[in-house]
Amino acid sequence: MEKDNSKEVIDCASLLDHPVHLDKAIEMVGFGYFHYYILFICGSLYTAVAFSVTSVSFVIPSAQCDFQMTSSHKGLLNGAMLIGMLMGSFIWGYVADTKGRRFTLIICMLMDGLFNILSSVSQVYSIFIFCRLLSGFGVSGSTTLFSYLVEFLNIKYREQFLSWMEMFWTSGIILLPCVAWIIIPQTFRIENEYILFKSWNLFVIMCSLPSITLAILLMKMPESPKFLLAQGKHKETINCLKFVHKWNNNSNDTFPVTSIIMPNSNDKSNNGFFDGLYESTIDLFTSKFKIIAIVTCIIHFCATTSYYMLILWFPELMNRFRWYETYSNIQNKTTMCEIVSMYIVEPEVKDVKCDDHIDHSVYMNIMVIGIACIPTSVVVPLFINKLGLRFCTVLSFFGSSFSAAWLYFITSSIENIMLSSIFEAFSSIGISLTYCITVELFPTEYRGMAASIGTMFGKIGALLGNILIGIFIDAHCIVPIFVSSSFLIVSAFLVITLPRTGRTNIITDGVL
């Protein structure tokens, strides 16, 4: 053992006077405390995103009386953040590739947190919608965290660390109803001639704090070494690696690498913003990665369409099953669509007090669905190095496709919760792994743009899914079920066509 260690020191020392590839330098910084800390930071960012994106599901019922929301108002509020994310996702990819991963994440999370706080004290529905839209615009850049995380890791740990991100998303899905259950049922009311502040306002503020806190913590972190080198910043790259080496080894030992092989320069930061945005997009779709870019965009579109089409439908579905089992005299229906089509919306009754109470079963059901995601969130990272990123993604999409198709045959609320949990577990991990594949397949100069354009196509799919479910839920509910299941199968087969990731990653001219 002593002999091997001394040999390693000699090998490192011999590199002092010779430039090395960046991947080799990243291996030489070692693996330790810094990498677990950056996993915690990026994972917590993903949890904060889960809070920000899904908190509206609790805000809508608890704020409906204060804003006097109709069904159309609720639908617009539900879609405002998605519209903001659609607008921002394309732009943030270019910012991440020209200004930096860390810079982009700090600005995005601050924007998300601050506009959420502004929305919490808004007294006008239109202003609340505007703040939610800008919050979505900011949080859309959070996909940069996948690029930021992977660019500090050597190949051995990339896929495992990326797949652990789903565990943090699941944690957010579980913690959010807990926070809502503690805060929203409170009955305090602060009111004067300018402001009305209730429990749901406090809930929105609490959901904004993680984004702001993590943005501040990111300010103490270094920029991605691969981004720095891609920008031609050799000295800053060496300093970044020294910082990581010192943290991992908890000592003042000198980092042996003094020179790194420079890649071909691809700096567009001196271009005008819109010229640079256009040029980056054209470069991606005219490069040798154009087929991979197109395929990953289609996968994002299909998977996200399916996910949002059903996941936003589940609460309504639960409500309709509860009505069927409580009030309906006909209990012999054989398919979900028959039950859904029976649902009767009670006619409006004037002078009835608006009810903004959220039943405790809602908190419980969402927690159950989140807890059901824990097994896949834990098992996949543990076995991903053996099974492969592609295999796990394909398996996730086939599993979620089967559960979506089986929804047609359910006839009880218990079956609905079980299928909802299975669908959420498989589809959620599938979408997260799709981001992992995207950042693994593209080199540094294209990585941010590729991930963001994929996100943009995903959000287009999410909006399309919402439209489809609204059109067909009553009379033809088999249509969204069929579309959702089919899109997931298409996603699975498209993943199979992609190159393998990890140690057999495709060869690139840039910095991996």
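Which residues have the most contacts inside the largest nonpolar core? In this predicted model, where local features need pLDDT of at least 70, side-chain atom pairs count only at pLDDT 80 or more, and totals for chains, interfaces and linings use all residues, they turn out to be F146, L149, M336 and F442, in a core of 104 residues. A nonpolar core here is a set of buried Ala, Val, Leu, Ile, Met, Phe, Trp, Tyr and Cys residues joined through side-chain atoms within 4.5 Å, with buried meaning under 20% relative accessible area (1.4 Å probe, protein chains only). Helix 3 (residues 33-54) supplies the largest share of this core, eleven residues; helices are DSSP runs of H or I, at least four residues, numbered from the N terminus. Apart from this core lies another one of 23 residues, M69, F128, V204 and I358 among them. Residues are numbered from 1 along each chain as its sequence is written, and side-chain values use heavy atoms, leaving out hydrogens and water.

As for F442, its contacts (heavy atoms within 4.5 Å) take in L284, F289, I292, A293, T296, R447 and A450, once residues up to four places away in sequence are set aside.

Then there is G141, sitting in the loop between helix 7 (125-139) and helix 8 (144-150). G141 is buried, at a relative accessible area of 0%. Leaving aside residues up to four places away in sequence, G141 touches W92, T104, L105 and C108. A451 is 310 residues from G141 in sequence, yet the two are 9.7 Å apart in space, C-alpha to C-alpha.

Key
Buried means under 20% relative accessible area, exposed over 50%, partly exposed in between (1.4 Å probe, protein chains only). Helices (H or I, at least four residues) and strands (E, at least two) are DSSP runs, numbered from the N terminus.
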